[in-house]
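Me: Hey, can you walk me through this one? I'm new to reading structures, so keep it simple.

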Amino acid sequence: MTDTYLTDKPEPKIIRASVGQFAQQYGVLIIIVALLIGLSFASDSFFTARNLLNILNQSAPLAIIACALTLVIIGGGFDLSTGAIFGVASVSAGYFAINVDPYLAILAGPVIGLVLGGINGLIITGFGVHSFLVTLATSLVYRGVAILITGGALIPVRIAEFSWLGRERIGMVNVAVIVLVLFMLLMMFLLNRTTFGRKVFAVGGNEEAALLSGIRTNLVKIMTFCLSGGAAGLAGVIAVSRISMAEPQAGMGLELEAIAAVILGGTSIMGGSGAVWRSVSGVLLIALIGNGFNILNVNPFFKDLTTGVIIVVAVALAASASRSR
Amino acid sequence: MNGCSKIPISKPNGRADSTVWTGPLWCGPVDSMAGADMTDTEIAVRMNGVAKSFGKTRILNDISIDFLQGSVHALVGENGAGKSSVGKIIGGYYAADEGTVDINGETVSRFSPRDALQRGVAMIHQELQLVPDLTVLQNVFLGLESQYGGILVQGDVARFRALEETCQFGLDPHAKVARLRIAERQKVEIMRAVAREARIIIMDEPTSSLTEDEAERLHALIARLKARGKTIIYVSHFLDHIIANCDRVTVMRDGQVIRNDSMAGETKQSLVDSMLGQASEISWPTLPDAPAAAVPPLVELKDVHSDTGLDGVSLTIRPGEIVGLIGLVGSGRTEIGRVLFGADRITSGAYLLDGQLQGRLTISKAVQQGLALVPEDRRKQGLVLTQTTRPNVSLASLDKISRYGVLDQRSERARVKRMIDHFGIVPGRVDGDVAFYSGGNQQKVLLSKWAVDKPRLLILDEPSRGVDIGARQRIHEFIVEMAEAGTAILLISSEIEEVINLSHRGYLMSEGRIFFEASCADLNVDEALNRIFHEQGADPSSPERIIA
């Protein structure tokens with residue numbers, strides 16, 4: 001039943017442990033660098049500014065959601081409604097752009113998202129229901145609202161004052177990429193340099209300790225959901241302005257992709273630890289895999305499969321590393 | 001007290017005994033190697049040259065200890081000396097980096113707690129490991145439920161009663177563990193180990209959350225287990241308990257064994273000297289003078305009731321005064337602290353702070369008013385273990401180190417560094433990994449959280465539980481320092497001696513009520529205990545009724 005091992009020499013273990021810790025800490029970055037190098041050799045068209053910026057541009061909406069979702073997950077929550085909020089923001093922005101004002105439409109997306117996220121937060125803290133259940137339910141409600149707004153139809157939005165957000169460039173760099181970078185920096189600042197960030201870590205790490213330190217834990221949680229909703233709204237607006245079409249079904253499954261990216265980056269699903277850069281790395285890793293498949297002309301059916309396997313391996317490695325502590 | 005002494009418990013009934021394997025009997029699992037040299041002093045566990053490191057920190061070095069079968073073997077040492085780690089290696093929680101561990105004559109290494117259990121080793125943790133949503137009964141028999149082909153059948157209740165005859169804890173088998181207090185959860189853990197017929201039981205600070213009376217019954221149980229040939233490894237800071245109940249002792253310091261000895265002839269002082277490496281006195285600090293009677297109280301409770309069981313509590317605490325609450329676990333000590341801190345709501349009565357009636361005091365308002373609470377369970381309620389020292393220390397005073405919500409990290413570091421120096425926290429890194437600190441240093445981090453800004457009221461719930469002697473003395477000095485600086489202090493501790501020696505005034509509690517108030521200079525431990533037992537309407541020799 002129980003095997004008896006002999007103790008082995010401990011010498012290389014310390015080295016192995018620190019290499020293991022490094023790999024656990026920066027695993028995503030290591031894989032990204034490996035992919036960058038590998039794909040550069042595999043194809044001449046890969047390692048060009050144009051292609052790399054294109055990858056960033058295409059993954060900007062997902063990355064924006066993942067950045068804010070990181071705060072929710074560090075705070076011990078879970079948000080399954082970002083895809084649906086993305087949909088509501090998309091159609092509302094389209095509606096506003098056509099019927100009211102294109103600039104107001106750009107603002108409307110994030111604001112509506114923020115409100116919907118706030119509703120999530122209020123239900124979660126008000127009734128003490130787990131965020132997983134609440135956002136699962138509200139995602140259905142929000143998706144329903146998105147369909148009701150357009151009656152299920154698509155809204156074409158061809159207005160230059162609106163579509164610059166998703167289409168224009170400043171120099172070589174897409175506006176969407178700049179928005180992503182600014183948003184990422186904002187989230188990093190919030191998480192690492194403000195009292196709010198400290199509270200998020202504390203609430204996710206030990207809610208009772210946070211409460212007994214005088215932190216208004218419910219308020220902190222509501223704010224993280226506001227941020228997550230707002231980010232989903234912003235992402236929705238960018239997507240609509242890019243394809244000039246608002247559709248209520250937009251962003252289906254995006255919430256799972258965002259969660260996958262956050263976990264892949266190494267933020268703990270248990271809350272209390274993690275980082276924004278990790279989630280962006282997770283997004284980039286997923287995007288690089290997709291790009292690699294395109295460039296190498298591999299059957300795209302394998303793309304999801306590969307991504308899934310990588311997530312499982314990454315999470316399993318992180319779990320085994322933390323267990324051996 | 002009265003003359004009726006405790007009656008030793010006769011052998012449990014046959015039903016319980018039929019499944020008991022009492023050590024080296026022929027009916028036990030056949031051991032291929034054993035059998036040749038079966039002597040009275042068989043070695044249950046032998047550690048030989050064991051070393052263990054975490055990262056670059058070496059926590060155990062060349063540990064060699066023989067634990068004799070059927071003995072109660074104490075491990076003592078300051079926190080961080082490595083005694084819990086020794087327990088965890090035997091219990092299968094840590095793998096030794098070097099050296100060998102023999103259990104019942106067989107060398108094992110890299111084995112899991114599950115393997116350890118199969119070899120008859122059970123560990124009772126400082127951090128208890130129970131399933132909170134299950135009942136006492138379900139937890140005790142978790143994994144060994146009465147079953148037939150995987151389908152649960154009746155019979156666990158009877159088994160529980162049989163077990164209860166050995167343990168005599170007076171627990172309700174159908175109570176949910178989540179609703180039990182720490183002391184009771186600990187009893188569940190112990191019953192669980194007994195139910196598993198463990199031959200080697202490691203107890204890490206088993207009495208730290210028990211009252212004296214409960215501790216006594218635990219020791220009676222240990223004596224019964226020992227009589228059945230079980231080996232008990234007893235890790236504790238309570239030297240009195242160790243001297244009274246253990247046969248052998250291993251003193252540890254800085255991850256090394258200082259000496260392995262028989263307990264005969266040991267005194268508290270001889271153990272402390274070995275632990276600290278130099279002679280030092282066990283002493284209580286001198287209290288500052290109590291504030292004059294004319295000083296108006298900082299906080300006052302008048303006939304307070306609460307849903308948590310407070311039943312007409314009235315008390316006052318003045319600035320600079322240390323007030324102690326004395327009572328058994330469950331008497332409402334913690335609940336008074338929580339009401340004062342705004343953590344629990346008052347259903348009737350009045351709470352005055354600075355003479356002002358407090359309607360709906362919330363914790364965040366209480367903190368803004370300068371109230372502070374150090375909770376009894378530092379890992380569950382006090383520290384954010386996913387974070388380092390710095391954010392833990394700053395957690396309650398973020399407003400003081402920020403402007404418009406943006407942190408001033410430089411002043412934060414300076415503040416945290418100041419607290420690390422003040423308390424002598426080791427390791428002294430501002431961003432040290434608190435999760436791996438010893439109990440004493442974790443407690444110091446927790447105290448720093450409030451000490452960094454002088455609070456007006458400091459509520460300390462079990463401030464020295466599970467803490468080594470050095471840290472304990474530092475914490476005691478700290479309490480006195482704070483009182484000298486004018487902080488009102490409410491001291492809650494299961495250790496009556498601690499409360500009496502560190503408080504100006506003491507309130508005796510029972511069943512959510514304060515029934516007696518006295519100057520602590522006029523009070524001694526025996527008298528306090530007598531009064532409590534008397535108040536409960538039970539006499540000290542039949543304590544079952546008190547705890548139930």
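**A helix in chain A, then the rest**

Reply: Sure, let's start with one helix. In α11(A), the buried residues are L254(A), E255(A), E257(A), A258(A), I259(A), A260(A), A261(A), V262(A), I263(A), L264(A) and G265(A). Keep in mind that this is a predicted model.

Me: How many of the residues in α11(A) are buried?

Reply: 11 of its 12, so to speak of the helix as mostly covered is fair.

Me: And how far does α11 of chain A reach?

Reply: Helix α11 of chain A runs over residues 254–265 and reaches 16 Å from its first C-alpha to its last. That's close to the 16 Å expected at 1.5 Å a residue.

Me: What follows α11(A)?

Reply: G266(A) does, and its phi is positive, near 110°.

Me: OK, zooming out. How many helices and strands does chain A have?

Reply: Chain A has 13 helices and four strands. Its radius of gyration is 21 Å, close to the 20 Å from the globule rule for 325 residues, so chain A is as compact as a globular protein of that length. Its C-alpha trace spans about 75 × 55 × 40 Å along the principal axes.

Me: What share of chain A counts as buried?

Reply: 49% of its 325 residues. Also, take contacts in chain A between residues at least 6 apart in sequence: 79% of them join residues at least 24 apart.

Me: Which residues have the most contacts inside the largest nonpolar core?

Reply: I65(A), A66(A), C67(A) and I489(B), in a core of 168 residues. Domain 2 and domain 3 of chain B both give residues to this core, so it lies between them. There's also a second, separate core of 72 residues, which includes I190(B), I201(B), A215(B) and I222(B).

Me: Back to C67(A), what does it touch?

Reply: Leaving out residues up to four places away in sequence, C67(A) touches F183(A), M184(A), M187(A), A231(A), V276(A), S279(A) and V280(A).

Me: How is chain B divided?

Reply: Into domain 1 (127–194), domain 2 (285–370 + 455–548) and domain 3 (385–454). The C-alpha centres of domain 1 and domain 2 of chain B lie 33 Å apart.

Me: Last one: how many residues of chain B are in contact with chain A?

Reply: 39 residues of chain B, meeting 27 residues of chain A. On the chain B side, α11(B) gives the largest share, four residues. By type, that side divides into 18 nonpolar, 14 polar and seven charged residues.

Definitions and conventions
Residues numbered from 1 in each chain as written. Chains lettered and ligands numbered in written order. Predicted model: local features only at pLDDT ≥ 70, side-chain atom pairs only at ≥ 80, totals over all residues. Domains from an automatic or database assignment. Contact = placed C-beta atoms within 7 Å. Helix = DSSP H or I, 4+ residues; strand = E, 2+ residues; numbered from the N terminus. Nonpolar A, V, L, I, M, F, W, Y, C, P; charged D, E, K, R; others polar. Rg over C-alpha atoms; globule rule 2.2 N^0.38 Å. Buried ≥ 20, exposed ≤ 12 C-beta atoms within 10 Å, placed from the backbone. Core = buried A, V, L, I, M, F, W, Y, C linked by C-beta atoms within 7 Å. Expected span 1.5 Å × (residues − 1).
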